[in-house]
Structures are given as C-alpha cells and as structure tokens.
Amino acid sequence: MDGRSGWKRLFRLEESHRHLNRNIDEEIMFHLESRIESLMEEGMKEEEARAEAHREFGEIESTREQLARIDNRNLRRRTIGDALSTVLPIRCRNTANGKSEALFTARWEPSPSRPSNYIGGERPERLSGIMVTPEVFQILDTATILGRIFLADDFNGMPQVVILGHSTWRRIFGEDRSIIGKTIILSGHPTVIIGVLDPGWVSPRGLMGEEVDVWLPLDVTLPEFQSTGYYILEVIARLKPGASIKTAQAEMNRLAVTLNEEMPDTFVDWEGNPRRIPIISLQSAITGDIESPLLLLLGAVSLLLAIACANVANLVLARGTEQVHEIGLRFALGASRRRLMGQLLTENALLSVSGGMIGIVIAVFGVWIFNTMNPGGIPMADGRSKSSPSSTRSRMGISRFSELTCADGNSFLEMSCLIRFQL
Amino acid sequence: MAGSSNNLMYGSVDLLILKTLTFGGPMHGLAIGEEIRKLSRDRLQIEGNALYPSLHRLEGKGLLKGEWRISEKGRRARFYVLTTAGQKCLRKDMKEWISHTDAVRYVLELAAGEV
C-alpha cells in the first residue's frame, strides 16, 4: 500500500541525524497519527483510517521535500534564528536588518539566541538560551556557585548538558541545591544540569539587559556549522596585553581579505559586498551609537541648568534689595553680622531644599514617564532588563538625583555669595 | 472537498490560515485544517501537502511563529501563533482579497447575464 511505504520512509528518515528533517517528519507524523486516531474514534478500522488519513494529506514525500526547501530558505534568511547562539551582537545585525525589512514587514529576530521549551516542572516554561564554545566562559572568567562550567567532553554533538543562570535556578528550581545531575527536557531533548552560575557574574548579554536563562555547549563540528553561508555566530575576544582595538581590527581586516579570496561567493554580506569582520569594544556594543547624542543632550541640559541657576540668582538678588530696609532695621536693633547671615542663609536653604525636593519628585516622575514611553534605542534605559529590572532604572534615577542636588548646591552657593556680597 | 477548485484555493490558503489563527491561541497544523473545514461548513478541506508548506512559508516571513509544545494528547506537536506582523498582513490582504473577489464576481455575474 502506498501509505505504508510512506510510513516506512518516514521512519527511516527519523533515524537520520538531520535535525531539520526530523522536525518536518515529526510534524507530518503528528498530523497523520492524530488524524488516524480521531478517524478510529469515529469508528473506522485502523487500516481504513490510515488509508483515509493518507489520502486526505496528499503526497507525503513531495510535501516533505517542499518543507525541507522552505525551511532551508527560512534558515538562511533568519540566521539559524531558532537554533543558535550568540555572545556579542556584532555589526552583522545592521546589514541583516536592512535586508529583511526590505523584504517583509515581519519582525526580524537577529538575536540567534535559542528559545528552549523547558519541560519537567509543573508546567512547561519558555527559556532563552545561548550556545557557547568552550572558550567563552574562560574568557569571561565565569564562576559557578554549584557544579562546574563546560568541559571539553561536553562539546560533542547536540547539547547533552546545560548550565543554569542564577535567576533561572532561583525562579524555576527554587534554589534547589541538589539540582546538579538532574535531567530536564529542553526543546524536546533530555539535558543534564551540570552547573548554576554565580549571581555576581553577568554575561555581556546580561549587561545589555537580555540575561540568558540557560547556557548550552556549542559543538562547532556539527554539520550545521560546516556550511560557509551562515553568519550567525557572534564572537567575543579578549585583547592581548598591549594590543589595541585598532591593531586587532587591522589583523581582522587582513583575515577578511584572505577569506574573501578563499570564498568569494559566500563570504559576502546581503548586498553581495565582501564581508568585513568589524571589532567593537564591549562598551560600545552595549551603549551602541548612542554615546554622542547622549553627550549632546547632557550639554543641552547643563546649559539649561546654568540658565535656571542664573534666573534663581536674579530672583534672590531682587528679593535681597527689597530686604535692605529690614536688614538695616535688624542691624540697628543690635543684631550681629553672624545672626543676620544666619537668617539669610536659613531662608535660602529652605528655598533650595524645598526646590530640590520638588525637583526630585519631578525627576522620579520624569524617569518613570521616560521608562513607560521609552521609544527604544537607548541601551540599558528601557525596562527590558530581565536580570535586574530595577537596577537600570534606579541608576538613572540616581544620576538625575545627583544632577539636581548639584544644581541646588550650585544655586545655594551662588545665593550665599550674593548675600555676602550685599552685606 | 475542494476537488477541482484546488487551484483557485491555492492563493487563499495563507489567508485562511492567518484568519483561523485569530480565533484562538496556538494551534497545530491538524487543528488549523480542521478549523478551516468546520468554519467553511465542510466545503474547504486543505490537504496536508498544501497546508504545511504554507505554514512554513508564513513562518519564514515572520507572520506566524511556530514552536514545539506538548499537545492535548501528550505528544510533541508544532504549534503556530499569529505574530503582530501576521495580524497586520492579514488585515491588509483580507481587504485586497475581498475587493479582488468582488471584482471577479461582478465580472462573472455580468457574463452570466449575457449567457
């Protein structure tokens, strides 16, 4: 029977190790088997149900081929998207974005982090994961509070082991100290927990407010990585002592030229231009291109602050001339210079302290408004941070706070100077 | 069963899938097909070899998001949900589709009148 042979073909393919095809087969098989089940529930005999399900589905083999073609294309377009890893977002993000947005209005997910469905607790949970090569944790001086980091043996085929981020361990496993060695199902694969990261260690992703839930070993010898057409990995490196980004970039430029010569067809970006290997510092990777606009903004704000201070000083001065009579009277009644100064200082201190308080309230409110309406584009400023949602906010709050207190300090000083001057 | 109208249907499968997914949460391919059959009062039955390529294409375009979950019966199945881009696309395409089919019907009815 035609359907039967289709079945057999499916099973044989199931044994092959191509991940992609396995998923396609599993999807088709789920469809057929569920359909057979429900047809049998409706009273059909198994044979009939099987034949009917196959007839309804249509030609299986051609569907399979079609799906493989589509998935391959998707894969190429979306980076390995669903499947793979990253450590530092390097420039390829920009070029990739341009292309995909020209093609569709669909959102492009440049982060090749791997959403994993964790199953094992009371309910399945969606986790963000990253696959890393052996060197990554060494370069970043990663510490664990339980278990170990990856060893060379762990990098062997599809990930068999996983390291949990500290917050994941706390959130999902309730800080269970006996968790090491237990198996969880990640994206359908049983995976053994071998370590829990130290909460004091923050990954570059975490610095960007996208902390990772689980870490998996990345075996670069997998067939998926042997193709030269995908540029999905992000590389993190530590500069040798004495080396600068400039010298490293020069080295990478030479390397890029060599690669361009070796693979003129595949080592190209979306526009077909020869690919470069740009190096950026971790700091600029985090702050992005936002530094100069922010400095400009800071300059503008400082200027505004100076103007405001001058205004306040003016007002106080004007008030001072009105007080000349009062002060003269107090002086004539025998008030000492110190007491008069004390009085004026108290008055002005009250003014600036209350002004400062109102300022702080407005600042806190302003930060809140900014966070709620954040149009995006400022790294570390939106409420995205998974690992420490409040830290970025409070940090911004503090900066505003200090700005304001400084300002008040300034005007306070200025005022007292003026008062002295008057006296 | 769709029968000979398969060719006509082909272009609208994407649209039917997108629309069906607006009715509920994540659905797997089989459920989507069943839902379309039910909603069309058994008149449209999309075969697996049209349904799945369409699903995968839509996912590639970012209009759907697929993920492996455990089905009601405890088996692993690929579930699809509509993305925001998918919703937008559906709204736009639905308008186009309706105005297009309206136009086609208008012409056909005129022709029928002449016959």
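# Briefing: a hairpin, helix crossings and a two-chain interface

In chain B, β2(B) and β3(B) form a hairpin with 5 residues between them. Gly74(B) sits in the turn and has a positive phi of about 85°. The model is predicted. Chain A and chain B bury about 2,900 Å² between them. The points below take the sheet, then the interface, then two helix crossings.

**The sheet of chain B**

- The two strands of the hairpin, β2(B) and β3(B), pair in the antiparallel sense, and 7 bridges link them.
- In this pairing Glu67(B) faces Phe79(B) of β3(B).
- The sheet as a whole has 3 strands, is open and runs in the order β1-β3-β2 (chain B), with antiparallel pairing.
- β1 (27–28) and β2 (64–70) of chain B are the edge strands, each with a single partner strand, so one side of each has no neighbour in the sheet.
- Helix α2 (residues 13–21) of chain B packs on this sheet and touches β1, β2 and β3 of chain B. The direction of this helix makes about 90° with that of β3(B).
- β1(B) is joined to β3 (residues 76–82) of chain B by 2 bridges, and these two strands run antiparallel.
- His28(B) also stands opposite Phe79(B) in β3(B).

**Where chain A meets chain B**

- The contact draws 36 residues from chain A and 29 residues from chain B.
- How much of the buried area lies on carbon and sulfur atoms? The share is 51% of about 2,900 Å².
- The interface of chain A and chain B holds 3 salt bridges.
- One pair is Glu34(B) with Arg35(A), whose closest N and O atoms are 3.8 Å apart.
- A search of the whole structure gives 17 salt bridges over all chains.
- Glu26(A) and Arg76(B) also meet through their side chains in a salt bridge, at 3.0 Å from N to O. Glu26(A) belongs to helix α2 (residues 19–41) of chain A and Arg76(B) to strand β3 of chain B, so this pair joins two chains.

**A helix crossing in chain B**

- Helix α3 (residues 29–39) and helix α4 (residues 48–60) of chain B have axes that come within 10 Å and cross at roughly 115°.
- The crossing of α3(B) past α4(B) is right-handed.
- On the α3(B) side, Gly29(B), Leu30(B), Ile32(B) and Gly33(B) make the contact. On the α4(B) side, Leu51(B), Tyr52(B) and Leu55(B) do so.
- By class, the contact of α3(B) with α4(B) has 5 nonpolar residues, 2 polar residues and no charged residues.

**A helix crossing in chain A**

- Helix α12 (residues 324–332) and helix α13 (residues 337–373) of chain A cross at roughly 145°, and their axes come within 10 Å.
- α12(A) passes α13(A) in a right-handed sense.
- Which residues of α12(A) meet α13(A)? They are Glu326(A), Ile327(A), Arg330(A) and Phe331(A). Their partners in α13(A) are Leu340(A), Gln343(A) and Leu344(A).
- By class, the contact of α12(A) with α13(A) has 4 nonpolar, 1 polar and 2 charged residues.

Note on methods:
Residues are numbered from 1 along each chain as its sequence is written. Chains are lettered from A and ligands numbered from 1 in the order in which they are written. This is a predicted model: local features need pLDDT of at least 70, side-chain atom pairs count only at pLDDT 80 or more; totals for chains, interfaces and linings use all residues. Side-chain values use heavy atoms; hydrogens and water are left out. Two strands pair if DSSP finds at least two bridges between them. Helices (H or I, at least four residues) and strands (E, at least two) are DSSP runs, numbered from the N terminus. Contact means heavy atoms within 4.5 Å. Axes are lines fitted to C-alpha atoms, for helices over the stretch in contact, and angles run from 0 to 180 degrees between N-to-C directions. A crossing is left-handed if the near helix is turned anticlockwise from the far one by less than a right angle, and right-handed if clockwise. Ala, Val, Leu, Ile, Met, Phe, Trp, Tyr, Cys and Pro count as nonpolar, Asp, Glu, Lys and Arg as charged, and the others, Gly among them, as polar. Buried area is the accessible area (1.4 Å probe) that two parts lose on being put together, summed over both. A salt bridge is a side-chain nitrogen of Lys or Arg within 4 Å of a carboxyl oxygen of Asp or Glu.
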